[in-house]
Amino acid sequence: MAGEQAPGGRRRPTMRDVAAEAGVSKGLVSLILNGNPGPSAGTTARVLQIADRLGYRTNRTASLLARRRSGMLGVTVTPSNPFHAELVEEIQLVADQSGYDLALGAMTPSHDETEAIQTLLDFRCEALFLLGSVLPAQALAELTGGVPVVSVGRAIGMPGFDVIRTADREGLALLVDHLVALGHRHIAHVDGGDGFVSAERREAYTMAMRRHGLAPTVHHGGETERDGIRAAQALDLSSGVTAIVAYNDRCAVGVLDHLDRAGIGVPAQVSVAGYDDSLLAQLYRMNLTTVSQSPREQARLAVAAAIERLDGKRTQDQEIVLEPQLVVRGSTASAPLARPEP
């Protein structure tokens, strides 16, 4: 039977080719390649070696179809969020390596999280990854209907939900501690709005400030650059504020944009910090001090958690909390009054 065409026009090896080379039946090769018990260790090793040498790849799609499975993993994502884009890229890489396909459910002003999840379920996604989830936990449980769910970035204490996140409280504390060590005493926080993660970071900022004996100052912001601009416009710098901690990198970029337009030097007059260590923060023009959430590790753990559920290797819920990492760049410096006189 002719095999499929591999890239470059070369015929893709089939299971029949492996069986002929090994001198065994196709059924035996199938048992070995699918990891079923029965064949001897010696035969298994020889067949696997031949399959590797021939470049044979298991047709996972056919296998999944035979078991009435789609092989599809779904991700809810905000397209305009650079950090979500990084997470999706890493999740796609790990999914490819694991033999799964990825479907994206976009969350936009006209297509909310509920609709994004429903779209992914309509595509028969076997498991869902929720990025930036805002729905109440009970609503999510009712909506997903028992499909394995991995919440990335937000703690959700519901049966059937796994959580992969960084420790937001520790992350915000790292930023406040960093700025206090630079001599800042009037540090404002531009929050991320009314979401669950925003509330967690807002509370963490407040606790860190009080731990240093400083008065917290919170300004309503949001997740986007526009939110950061609006918050910075409303912030009265004449009150003595010398540093601003934003909810995320996008919001921080909005703050930077307003300060730049207003002729206020960063970090000479005001230090600015974000959260996520997205590609935006790493741009030379931004040079933003921030906190890394290790998107590559989050993606790896998230896909592993989903596959463990799907393969039946684990039924209990799990929550993995990664340690955040402070990334210091050029947007923060010593408080103006703390600078030595020339």
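**Exercise 1.** Classify E203 and its salt-bridge partner by relative accessibility, and locate both in the chain.

*Solution.* At 41% relative accessibility, E203 counts as partly exposed (buried means under 20% relative accessible area, exposed over 50%, partly exposed in between, with a 1.4 Å probe and protein chains only). This is a predicted model, in which local features need pLDDT of at least 70 and side-chain atom pairs count only at pLDDT 80 or more, while totals for chains, interfaces and linings use all residues. Residues are numbered from 1 along each chain as its sequence is written, and side-chain values use heavy atoms, with hydrogens and water left out.

The partner of E203 is R169, with the closest N and O atoms 3.2 Å apart; a salt bridge is a side-chain nitrogen of Lys or Arg within 4 Å of a carboxyl oxygen of Asp or Glu. E203 lies in helix α9 (residues 196–211) and R169 in helix α8 (residues 168–181), 34 residues apart. Helices are DSSP runs (H or I, at least four residues), numbered from the N terminus. R169 is partly exposed, at 30%.

**Exercise 2.** Is R250 buried or exposed, and which helices does its salt bridge with E225 link?

*Solution.* The side chains of R250 and E225 meet at 3.0 Å, N to O. The pair links helix α11 (residues 249–261), which holds R250, to helix α10 (residues 225–234), which holds E225. R250 is buried, at 9%, whereas E225 is partly exposed, at 25%.

**Exercise 3.** State how many salt bridges the structure holds, and name the residues joined into one network.

*Solution.* The structure holds 18 salt bridges. Shared partners join D162, E308, R309, R314 and D317 into one network.

Notes. Helices (H or I, at least four residues) and strands (E, at least two) are DSSP runs, numbered from the N terminus.
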